[in-house]
Amino acid sequence: MPYRRTPKVQERLDAQRETIVAAATQQLAEHGYGGCSVAAVADRAGVAVGSVYRHFPTKAELVVHVFRQVVTREVEAVRAASAGLGDPAERVLAVFETFAQRALKAPRQAYALLAEPVDALIDAERLEFRRAFTDVVAEHVASGVRDGSLPPQDGRLTAAALVGAAAEVLIGPLTSGNEQDVAALRTFVIRALGGSDARHA
């Protein structure tokens, strides 16, 4: 007869899993992917290494889970920041400015999300991260094209190009702490959209 976990046992396991995920999230934010070893996460969570593996068979699967939680939070933040603003170009700007500001507050985590060498499983998750941001930007670009505030263009292509460019721009500040490139990102986004520098300065 197969073993069935009692509700109390399952509750303890669920609580342990949440503790492990929280520890991994903090470890990633402070030390990046390279410093997010299973042993370090276990130590931080106050559990045995075997307990981590019981919930997540590999480090990559644990970090993928963390990535998904972080990405969901970041996408929700930029979506909220860009909702209800004046014109579509300002909404697009809000997406990138919000993400940049949040990234600079947690540079190791942002670098792991954007560019740190990772396992293939996590690299695939990174593509989903970019697609999610692209979707938000594409909505605003398409809105601008419809109302005539932006010139005709393929909204999704523009969005994908902007997300890729912004990720490249942020790598420098995230690794060096020099935020000068981030300040120039606003002008670049407006020019790429076909908007007026003066109007959105």
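This is a short talk on helix α5 and what surrounds it in a predicted model.

Okay, some ground rules. Residues are numbered from 1 along each chain as its sequence is written. Since we're looking at a prediction, local features need pLDDT of at least 70, side-chain atom pairs count only at pLDDT 80 or more, and totals for chains, interfaces and linings use all residues, while side-chain values use heavy atoms, with hydrogens and water left out.

So, the overall picture. The protein chain has nine helices and zero strands; helices here are DSSP runs of H or I, at least four residues, and strands are E runs of at least two, numbered from the N terminus. The C-alpha trace spans about 70 × 40 × 25 Å along its principal axes. Of the 201 residues, 42% count as buried, meaning under 20% relative accessible area with a 1.4 Å probe, protein chains only.

Now α5, residues 88–105. Its 18 residues should span 26 Å at 1.5 Å a residue, and the end C-alpha atoms are indeed 26 Å apart, which agrees; the expected span is 1.5 Å times one less than the number of residues. At the N-terminal end D87 acts as the cap, with a side-chain oxygen 3.0 Å from the backbone nitrogen of A89.

Which residues of α5 are buried? Quite a list: P88, A89, R91, V92, L93, A94, V95, F96, T98, F99, A100 and A103. And what covers them includes α4, α6, α7, α8 and α9.

Keep an eye on F96. Along with V137, F96 has the most contacts inside the largest nonpolar core, which has 57 residues. By nonpolar core I mean buried Ala, Val, Leu, Ile, Met, Phe, Trp, Tyr and Cys residues joined through side-chain atoms within 4.5 Å. The top contributor to this core is α4, with 10 residues. Leaving out residues up to four places away in sequence, F96 touches V137, L162, V163, A166, L185 and V189, a contact being heavy atoms within 4.5 Å.

Last stop, the cavity. There's one of 30 Å³ or more, and about 110 Å³ of space lies in it. A cavity is a set of points on a 1 Å grid over the protein atoms alone where a 1.4 Å probe fits but cannot get out, and lining residues have an atom within 4 Å of a point; the volume is the space filled by probe spheres set on the points. F96 turns up again in the lining, and V95 and F99 are there too. α8 gives the most to that lining, with four residues.

Technical notes: Buried < 20%, exposed > 50% of the residue type's maximum accessible area, 1.4 Å probe, protein only. Polar contact = N/O pair within 3.5 Å; in protein donor to acceptor, adjacent residues only side chain to side chain. 1 Å grid on protein atoms, 1.4 Å probe; cavity = no way out; pocket = protein on both sides within 12 Å on 5 of 7 lines; lining within 4 Å.
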